[in-house]
Amino acid sequence: MSDVRPDWASEHDWHWMQRALSLAERAEQEGEVPVGAVLVNAEQVEVACGWNQVIQKHDPSAHAEIVALRQAGKALQNYRLPGLTLYVTLEPCPMCATALVHARINRLVIATTDPRTGAAGSAMDLVNHSALNHRIPTDIGLCQTQASNQLKSFFRARRA
C-alpha cells in the first residue's frame, strides 16, 4: 500500500516509517496490537527499535515506544536520549508520551493518530504540555493510511 508523502517528510522519514510499519507487522504476527517504533540518530542510524510486547512479556508497559526507549538507554548508556527521532505507527498513549518527554527525544514522527488516548495532540498533548520540562516537535500523517488500515484490519480480525 502506498501513501502520499506529506511535504514535510524527507526520504529518510519515509524509510524509517516503513521500518516502524514492519515492526508493527511483527507485533501482529506475535498476537500483539500492531504498533512499531524506531529511534534514529542525527546520522540516520537506527539506535533502537520496538514493537508491542504487552501480552508476550506480561508487562502492561511493554508498548513499542517503551521497548525502544529501554533498548536505546542500554545502547547509549543513558536515560537521556537527546538528538534522537522516534518514528511510531500509532500516536503515543499518555504513558509513552511522558516517557518520551523525560527521555528528551528530539523529534516525534507519527503515522496515525489515536483520538481516544493519543497524547501527542489528539485526545491530549503531553509531548508539548507547558507543565513539563521538555517539548517534542511532532509531525503526524506519514504513512497514515497504511498504519490505520493495519490497525483496523487487526481489530476487525480480533472481533470476528
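# Exercises on a predicted model

A search through the whole structure, which is a predicted model, turns up 6 salt bridges. Let us work through some of them, and then look at cysteines, helices and a strand residue.

## Exercise 1: A pair with Arg26

Find the salt bridge between Arg26 and Glu30, and decide how exposed each partner is.

**Solution.** Start with the general idea: side chains of opposite charge can pair when their charged atoms come close. Now check the distance: the side chains of Arg26 and Glu30 form a salt bridge, at 3.1 Å from N to O. Next, look at accessibility. Arg26 has a relative accessible area of 40%, so it is partly exposed. Glu30, at 32%, also counts as partly exposed.

## Exercise 2: Bridges between elements

Which parts of the chain does the pair Arg70 and Asp59 tie together? And where do Asp139 and Arg107 lie?

**Solution.** Take Arg70 first. Its side chain meets that of Asp59 in a salt bridge, with 3.5 Å from N to O. Arg70 belongs to helix H3 (residues 64-76), while Asp59 sits in the loop between helix H2 (54-57) and H3, so the pair ties together parts that are 11 residues apart in sequence. Arg70 itself is partly exposed, with a relative accessible area of 42%.

Now turn to Asp139. Its salt bridge with Arg107 has its closest N and O atoms 3.0 Å apart. Asp139 is in strand E5 (residues 138-140) and Arg107 in strand E4 (residues 107-112), so this pair links distant parts of the chain, 32 residues apart. Asp139 is partly exposed at 22% relative accessible area, whereas Arg107 is buried at 18%. One last step: salt bridges with shared partners join Asp13, Arg107 and Asp139 into one network.

## Exercise 3: Cysteines without a bond

Explain why Cys49 and Cys96 are not in disulfides.

**Solution.** The count for the structure is 0 disulfides. To see why, use the cut-off: the two sulfur atoms must be within 2.5 Å. For Cys49, the closest cysteine sulfur is in Cys96, 15 Å away, which is too far for a bond. For Cys96, the closest cysteine sulfur belongs to Cys93 at 3.7 Å, and that is also too far. Both residues turn out to be buried: Cys49 has a relative accessible area of 9%, and Cys96 has 0%.

## Exercise 4: Two packed helices

Describe how helix H1 and helix H5 pack, and which residues meet.

**Solution.** Two packed helices are described by the angle between their axes and the distance between the axes. Here, H1 (residues 11-29) and H5 (residues 144-159) pack at an angle of about 5 degrees, with axes 11 Å apart. Angles under 35 degrees count as roughly parallel, so H1 is roughly parallel to H5. Now list the contacts: from H1 come Gln18, Leu21, Ala24, Glu25 and Glu28, and from H5 come Gln146, Ala147, Gln150 and Phe154. Sorted by class, this contact has 4 nonpolar, 3 polar and 2 charged residues.

## Exercise 5: The surroundings of Leu90

Is Leu90 buried or exposed, and what does it touch?

**Solution.** First place the residue: Leu90 is in strand E3 (residues 85-90). Its relative accessible area is 16%, so Leu90 is buried. Leaving aside residues up to four places away in sequence, Leu90 touches Val35, Glu65, Ile110, Thr112, Thr113, Asp114 and Leu151. Finally, look at one of these partners: Leu90 and Thr113 are 23 residues apart along the chain, and their C-alpha atoms are separated by 5.9 Å.

Notes. Residues are numbered from 1 along each chain as its sequence is written. This is a predicted model: local features need pLDDT of at least 70, side-chain atom pairs count only at pLDDT 80 or more; totals for chains, interfaces and linings use all residues. Side-chain values use heavy atoms; hydrogens and water are left out. Axes are lines fitted to C-alpha atoms, for helices over the stretch in contact, and angles run from 0 to 180 degrees between N-to-C directions. Helices (H or I, at least four residues) and strands (E, at least two) are DSSP runs, numbered from the N terminus. Angles under 35 degrees count as roughly parallel, over 145 as roughly antiparallel, 65 to 115 as roughly perpendicular and the rest as oblique. Contact means heavy atoms within 4.5 Å. Ala, Val, Leu, Ile, Met, Phe, Trp, Tyr, Cys and Pro count as nonpolar, Asp, Glu, Lys and Arg as charged, and the others, Gly among them, as polar. Buried means under 20% relative accessible area, exposed over 50%, partly exposed in between (1.4 Å probe, protein chains only). A salt bridge is a side-chain nitrogen of Lys or Arg within 4 Å of a carboxyl oxygen of Asp or Glu.
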